[in-house]
Amino acid sequence: MKVEQIYTGCLAEAAYYIESEGEAAIIDPLRETQPYIERAEADGATIKYVLETHFHADFVSGHLDLAKKTNASIVFGPTAQPNFKAHVAKDGEVLKLGKVSIVVLHTPGHTMESSTFLLRDENGVDYALFTGDTLFLGDVGRPDLAVKTDLSREDLAGHLYDSLRNKIMPLADEVIVYPGHGAGSACGKKMSKETWGTLGAQKQVNYALRADMTRAEFVKEVTTGLVDPPQYFPKNAVMNKMGYESFDEVRDRALQALSVRAFKAAWAEEDALVIDTRPQDEFAKGFIPGSIFIGIDDTFAPWVGALVPDLKQPILFVADAGREDEIVTRLARVGYDNAIGYLEGGFKAWQEAGEDQDQINEIAAEDFAKIYNSGINLLDARRISEYETQHVEGAINFPLDFISRNMSNIDREKLYYVHCAGGYRSMIAVSILKSRGFTNIINIQGGFKALQTTNLPLSELVEQATEL
């Protein structure tokens, strides 16, 4: 028996590969299927099952393409109603995989179809539990992401309480917990940086598994601190339930190298959004007017998902040579399937063609500290929990997540300085503001980390607020 976690850091997502006697199962695969196919081929194994813990909200699963290419069966837990051929398992149903078995445990709460998969080894001993978004290390799944349900988040939290105590907590302490996500995911509030652990350890440290916790206490703690989820979450869940275009077709359409002339024509004809994915320091020095920055070297896909409201939005992109395929893949992982090409030769080609350019005005943190006064307009682009933990006195919280909603609160005629934690989010914010006609915007290099090293007045440091 082989069990491997396939972790994707930019999404904080874990897929799993299980193999026994030449038969394999993939749990919660990402959109691109080739890595899973190649992994099975390396073992001389056939993929028998594609197991889905639920209709994922924060990424588009590769279940449909993977099943089509391998003839594997897609398996959901009870109550799932997919719009395609799949096996909807019964609670407690046992799936045979070589010499091991996988028990389907219906664990509603995160969503009503949510299920966990209990792996039993060759001797029939409980070995590992693949918990999806039901149980994380340090946390549990948020109960407000179900698509089209008449249940409140409090109702779902109650179901989650029952699932944890009736299906998961009675299992042996030595059972390994393999969750669907780690720290950085927006599916939980207090997730550990570790990506696997034991159930016994979770019973000791996970606030949601306290033995003396009442249902009312659980519901209150799990629902406290929830803010609106990223806008693409429900849209991805619908794609996972209803079906989607083949990733191969999406990739072929997107990987079109366009000359400067063709790029400009496509931009105008398709009313496309231009995303510059280069490193932020390169973007600041020069970029295509009207384009926005979302750098590939950070949490690219989640920020595209949070900031681009229409999954069908035509997208053109600027990239460093050799990274085009990576960009298309990461867009498709969160459902942005309408990338229509990239600028051949990158930004250098744009420059050599003599086209107009723009730049981002920036200031070093220490220089900002020298000119700081109570009359300066300072926008803090971090999340509210970060802002409440500590911020520069007088700064206005202006979270990047909700920039479109809050843009009407700032004055185009005033000068604004913008910072985040380290510089990535503020560069995105400044680029969006510039694309919307705000010209008096200056980015603070190094963000709050750099500002903390200066003599600027800071609010009192408080315990990290929990927000999701």
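I began at the start of helix 7, where a side-chain oxygen of Ser246 comes within 3.2 Å of the backbone nitrogen of Asp248. Helices here are DSSP runs of H or I with at least four residues, strands are E runs of at least two, and both are numbered from the N terminus.

The model is predicted, so I noted that local features need pLDDT of at least 70 and side-chain atom pairs pLDDT 80 or more, while totals for chains, interfaces and linings use all residues. Residues are numbered from 1 along each chain, and side-chain values use heavy atoms, without hydrogens and water.

I then looked up which residues of helix 7 (247–254) are buried (under 20% relative accessible area, 1.4 Å probe, protein chains only). Phe247, Val250 and Ala254 are. Seen down the helix 7 axis, its buried residues fall within an arc of 60° (directions from the axis to the C-beta atoms), so they line one face of the helix. Their cover includes helix 2 (63–70), strand 16 (315–318), helix 11 (324–333) and strand 17 (339–343).

Next I checked the largest nonpolar core (buried Ala, Val, Leu, Ile, Met, Phe, Trp, Tyr and Cys joined through side-chain atoms within 4.5 Å). It has 79 residues, and Ile403 is one of those touching the most other members. Helix 16 (424–435) gives the most to this core, with 7 residues. Leaving out residues up to four places away in sequence, Ile403 touches Leu307, Phe398, Ala429, Ile432 and Leu433 (contact: heavy atoms within 4.5 Å).

Last, I traced an open sheet of 6 strands, in the order 1-2-3-4-5-6 with mixed pairing (at least two DSSP bridges between two strands). Strand 1 and strand 2 (13–20) pair antiparallel over 7 bridges, and Tyr7 stands opposite Ala14 in strand 2.

Notes: Buried < 20%, exposed > 50% of the residue type's maximum accessible area, 1.4 Å probe, protein only. Polar contact = N/O pair within 3.5 Å; in protein donor to acceptor, adjacent residues only side chain to side chain.
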